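User: Could you take a close look at just one part of this model for me? I'm curious about domains and the contacts around them.

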Amino acid sequence: MLSQLGDDAKLLAGGQSLIPLMKLRFANPAHLIDLNFIAGTSYIHNANSALRFGPLTRHAEIENSDIPARIPILYDCAAGIADVQVRNRGTIGGSLAEADPSGDWAVVLSTLATQVRCLGKNGERTVHLKDFIQDAYTTALAHDELVSEVVVDIPAKGSGGAYLAFKRAAPVYPTASAAVQLTMDGNVCKDAAIALGCVGLTAIKAKDAEAALRGRPISERTLSAVAEAARAAADPQSDMRGSADYKRTLVGALVRRAITIAVRRARGEHVEVSHLYA
Amino acid sequence: MKKELIELRVNGRSHEIAIEPSKLLLDALRQDLDLTGSKRGCDDSSCGACTVQVDGTPMLSCTMLAASCEGQEITTVEGVSEHGSLAAIQKAYGDWGGSQCGYCTPGFMMTVRHLLSQNPNPTEAEIRGGLSSNLCRCTGYSQMYQAIKAAIDAEQKGMAASR
Ligand SMILES: Cc1cc2nc3c(=O)[nH]c(=O)nc-3n(C[C@H](O)[C@H](O)[C@H](O)COP(=O)(O)OP(=O)(O)OC[C@H]3O[C@@H](n4cnc5c(N)ncnc54)[C@H](O)[C@@H]3O)c2cc1C
Ligand code: FES
Ligand code: FES
């Protein structure tokens, strides 16, 4: 249908990004293809040590599933997006396809091995998340392709993660956020993935911060070095949510806090977190 | 834009209406079905005054198309009363001052009813968290928390009495 209707057609999933944009006339599609009527597009399957999400799986379905036990960082994300009404409607597929610089899913999923399945008239292809999101509001999707599934590898035992966002109120995007997924060996961090949200045009993979953590014992010194590297990796804009300096400081503090939670979860502790509100 | 015939099920009744496919659910409810309980507060998805339940789940009717809801059961504040009289939570909002100008109240009703159906005995923190999606400019919210606790108490007493 997308290839028949041409450039003027758009897909409608949860509509929690598209409908506000249409109201503002930033989007003005001549045709909407409503994915909500396609059965079997909302699911969470657990197979071959990976979780597979249907494109129309709502944030709230992920929040209320048995995910927290398996991958706590996904729960932190799903349960913290906007408010209950938006979570009941918005979808994981729509969030990745929108590639909003402030969207939560791209940040969290970039700390895990995530693949996006893209379906077009010539069949399905698999794209790594890091290649899928190319720029703000820009993905690897061709005009006549859609996201058909999101596949996330379940982290190995001994791995733990946490996602923290700093928000002014529930129904708004975060001011800054940090996702940390790490593997521990005693008190030493064996492997780490760190991503920063809302401080760049896309989620930022903080490579220097990861390097400052990998192979190091979790100590005050390590945490300071990692936070400093995360601050340096951030590339925030000043806007109504805060100045660039403020966001940079914030993101360092969030990374530090997320690491301490991730470490405890890696040890098998059950730690509940919630986003921080101004 | 050309109108199309769609069928909406609202508060247990089916309605056939001819509307533009781009019409928001909120406008279809208010303009085509004369159900003016649901309110447009902000129109930018942040106040919750337009909240309705779709198959029992609260959603923003200002951020959905009516045409997306074909085949689903929509509940608005008009469908909340029980046997022609106010539901316990509506009465408690009145008694405790949880509603003042009343503009936000229909949205709160839909959110609170869902919260209580999922979690009949929420903690104060759970109530606050559950209501973080709806704005009120009059009450200051504490009266609502009291009203909700009173409604839960009334419900529990009622249940105990009927045992
Ligand atoms: C008040 C408010 C607050 C919010 N706060 C947050 C927040 O804190 N964090 C956050 O992450 N998000 C937030 N959101 C956005 C929300 O998570 C959206 O649901 C999400 O970004 C988009 O998902 P959707 O299903 O609603 O997509 P839609 O709005 O339906 O679609 C978005 C775009 O993606 C395209 N699309 C949708 N599905 C597919 C698909 N399967 N394949 C290809 N293209 C597709 C559409 O054509 C459209 O261009 C907020 C939204 C609102 C209204
Ligand atoms: S009018 Fe829908 S959220 Fe305010
Ligand atoms: S009672 Fe007036 S806005 Fe809530």
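Analyst: Domain bounds here come from an automatic or database domain assignment, and for chain B that gives domain 1 (4-79) and domain 2 (88-161). Bear in mind that this is a predicted model: local features need pLDDT of at least 70 and side-chain atom pairs count only at pLDDT 80 or more, while totals for chains, interfaces and linings use all residues. Residues are numbered from 1 along each chain as its sequence is written, with chains lettered from A and ligands numbered from 1 in the order in which they are written.

So how do the two halves meet? The C-alpha centres of domain 1 and domain 2 of chain B are 22 Å apart. Their contact (C-beta atoms, placed from the backbone, within 7 Å) draws 14 residues from domain 1 of chain B and eleven from domain 2 of chain B. On the domain 1 side, strands E3 (51-54) and E4 of chain B each chip in at least two residues; strands are DSSP runs (E, at least two residues), numbered from the N terminus. E3(B) gives the most to that side, with three residues. By class, the domain 1 side has six nonpolar, seven polar and one charged residues. Here Ala, Val, Leu, Ile, Met, Phe, Trp, Tyr, Cys and Pro are nonpolar, Asp, Glu, Lys and Arg charged, and the others, Gly among them, polar.

Now for the neighbouring chain. The contact between the chains takes 18 residues from chain B and 15 from chain A. Strand E4 (residues 57-60) of chain B turns up again here, supplying the largest share of the chain B side, four residues. That side splits into five nonpolar, eleven polar and two charged residues.

Terms used. Contact = placed C-beta atoms within 7 Å.
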